[in-house]
Amino acid sequence: MREETKERLLLRMRQVSFSYDRKPLLRQIHLDVRPGRILGVAGGNGAGKTTLLKLAAGLLLPQEGTVERFVPEGLCPVSYCMPPGELPGWMTGRDLLAYYRHFFQDFRRQQAEGLLDSLGIPRNRPLYRLSSGQAVLLSLSLGLSRQACLYLADEPLSHIEPALRRDVRRFLLRYMPEESSLLMATHQLGELEYMLDELVILHRHTARQIETESIRSQYGVSAEDYFLAETGRGKPEAGTSGEGQGERREEP
Amino acid sequence: MEFDAASPVYIQIGERIREEIVRGLYRPGEKLRSVREYAVFYEVSPLTMHRAMQYLEAEGLVVTRKGVGSFVNPRMEASAARRMRESQARQFVEKMREMGLSGPEILELVQECVREEAEKGGKA
C-alpha cells in the first residue's frame, strides 16, 4: 500500500476491475470519496456509471482490486436511492415507508413522512400513479431518510421535465446530511455541474476524478465542456452526430 | 442560477454577496443566511458555499463565529465598502476611457446622469 494521506475518506477504491462476460468494463480504477462532497459520475452510454455506483454500494463485488469503506460511528455505509423503476410500482407511499422501516434499521420514518407531506406527495397513491417528478422525489426522500455517510443516486434528473429539475437539485441540497457525501451518475452534467464538487469521468474503461472548481480555474471551461473534450466528443455541433468517429482515436 | 463557467463559482458567489453587503442589503453586524440556505438558493454544493464564505472572510467583509453563523463584519464599513465603491468607479472610468472620453468629459457625463436622476426622483 502506498503512503496514506491524513485526509479522511468515506470510500476508497483501488485498482478495481469489473467485467461482464469477460468484456472489461472498468479497468484498474481508483476513486476517493471524502466527507461532505457531491460527486458526479459522467460517461457515455455503457461506460459503467451504474456499475461504479453498484460497486460503491456493495451490490457488486470487484473482480480485482479493493473497495474500502470508512464509516463514521452511528452511520451506515451507504444508502442507494433506488430509482423509481426499481421500486415496486404497486406500492403506495405508505407501503414504501413500511418497507424501508422493516429493511433498514437506520431509516428515520418521521423524517421521511415529513418530507412526503412537505412535497405534497400523497401517501395513499401507488407509485405508478405518481408523476415522474413525484416518483423521483419520493425515492430520494426514502433514500435520504436513512442515516448513511454515503448516498448514491443513479440519474436523479432523468425522466424529469426541465422545469422540475431545480426542485430536485434544491431538495438534495436541502436534505443531504452535512458530513455525508453524495455520488450520482448523470447524463445531465450541464444541469448539475454547479452543485458538483468533483467530477468522475468514465472513459475507455478508466476513471478520472477532478474537482469542478479546478476545471473552471485551470482550463476556463465548464465541467460539461471539459467532459466532452476529455471523452473525444468535442462540443456537440448541429447536424453532426460525430460519435463513434472520435471514440477510437488515440490521443498522443 | 447562472454562473460564468470559466471561473470558480465560489468567487462569483462571494462577489454577489459582497455586492449585497456594500449595497446595504445587510447592515454591519447583521447575520447572514446559513451556508445551507445559501447553497439551496444558489444551487451549489455546501462546500462551494463554505469557500465563498471563507473568501468573504479573507476579504474582511464577513466574520464567522463557529457554530453560530456568519455576520457582516461590524467594522467593515469604512474600509471594505469604500474600497468596493472605489473599484466600481475605477472600472467605470476605465471603460469610458476605452470609449475615448477624456477626464472632463467623463466628469460631465456623470454629473449629467446624477442631475437627470435627481430630476426624475423629484417628479416621482
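The questions below concern a predicted model and how its chains A and B meet.

Residues are numbered from 1 along each chain as its sequence is written, and chains are lettered from A in the order in which they are written. Local features need pLDDT of at least 70, side-chain atom pairs count only at pLDDT 80 or more, totals for chains, interfaces and linings use all residues, and side-chain values use heavy atoms, with hydrogens and water left out.

Q: How many residues does each chain bring to the contact?
A: Contact here means heavy atoms within 4.5 Å. Counted this way, chain A gives 22 residues and chain B gives 21 residues.

Q: What area is buried between chain A and chain B?
A: Buried area is the accessible area (1.4 Å probe) that two parts lose on being put together, summed over both. Carbon and sulfur atoms give 49% of it, and the whole is about 1800 Å².

Q: Which three residues supply 39% of the area that chain A buries against chain B?
A: No other three residues of chain A supply more. They are A:Leu173, A:Tyr194 and A:Glu213.

Q: Which residue of chain A meets B:Arg51 in a salt bridge?
A: A salt bridge is a side-chain nitrogen of Lys or Arg within 4 Å of a carboxyl oxygen of Asp or Glu. The rule finds four across the interface of chain A and chain B. In one of them, N and O are 3.4 Å apart, and the partner of B:Arg51 is A:Glu211.

Q: Which element gives the largest share of the side of chain A that touches chain B?
A: Helices (H or I, at least four residues) and strands (E, at least two) are DSSP runs, numbered from the N terminus. Both α5 (162–175) and α7 (212–219) of chain A supply at least two residues to this side. The largest share, six residues, comes from α5(A).

Q: How many residues apart are A:Arg37 and A:Glu198?
A: These two form a salt bridge within chain A, with the closest N and O atoms 3.0 Å apart. A:Arg37 lies in the loop between β2 (23–33) and β3 (38–43), and A:Glu198 lies in strand β8 (residues 198–203). The pair links distant parts of the chain, 161 residues apart.

Q: How many salt bridges does the structure hold over all chains?
A: Side chains of opposite charge can pair when their charged atoms come close. Over all chains, the number of salt bridges is 24.
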